[in-house]
Amino acid sequence: MLSPRKVKHRVVQKGRMRGKAYRGSDLEFGDFGLQATECGFMSARQIEAARIAITRHAKKGGKIWIRVFPDKPRTKKPAETRMGKGKGNFEGWVAVIRPGRILYEIEGVDKRVAQEAFRLAGHKLPFATKFLSRSF
């Protein structure tokens, strides 16, 4: 699983996901991309599950770039716990995703193959996505 080597704070505040992603919203590396159209948190397990779905469908063809990294610690209080008594325990790492963010890119495969691979990957994610292709 992806996780940062070192962080400044063990637990952080939740924050808000307002606005669009201006950084990371263009295709930089590959010919085709998977773009988020909604906001949400993407866990390290979801990033890995979508990556596996893409690589399995591409069948050793092409190169894949992962454009997101889970660097925010997520906490959760146990079930049926009363309010108070401090912040919950660490649960896992998440990446904050805003609308417009490119999640994955791929090159070296046919457009139909890339489209199907990203469709399969989109089913693993907790928000809506769309397929992008570079205009040649």
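**A four-stranded sheet and its two helices**

In this predicted model, 4 strands make up an open sheet, lined up in the order 3-6-1-7 with antiparallel pairing. Strands here are DSSP runs of E with at least two residues, helices are runs of H or I with at least four residues, and both are numbered from the N terminus. Two strands count as paired if DSSP finds at least two bridges between them. Strand 3 and strand 7 (129–133) sit at the edges, each pairing on one side only. From one strand to the next, the twist averages 20 degrees; angles run from 0 to 180 degrees between N-to-C directions, with axes fitted as lines to C-alpha atoms (for helices, over the stretch in contact).

Now for strand 6 (residues 102–107), where 5 of 6 residues are buried, meaning under 20% relative accessible area with a 1.4 Å probe, protein chains only (exposed is over 50%, partly exposed in between). Strand 6 pairs with strand 1 (residues 32–36) over 4 antiparallel bridges, and leucine 34 stands opposite tyrosine 104. Another 4 bridges tie strand 6 to strand 3 (residues 63–66), again antiparallel; there, isoleucine 64 faces isoleucine 106.

Then come the helices. Helix 1 (residues 44–58) packs on the sheet and touches strand 3 and strand 6, making about 20 degrees with the direction of strand 6; contact means heavy atoms within 4.5 Å. Helix 2 (residues 111–122) lies across strand 1, strand 6 and strand 7, at about 25 degrees to strand 1.

A few ground rules: residues are numbered from 1 along each chain as its sequence is written, and side-chain values use heavy atoms, leaving out hydrogens and water. Local features need pLDDT of at least 70 and side-chain atom pairs count only at pLDDT 80 or more, while totals for chains, interfaces and linings use all residues.
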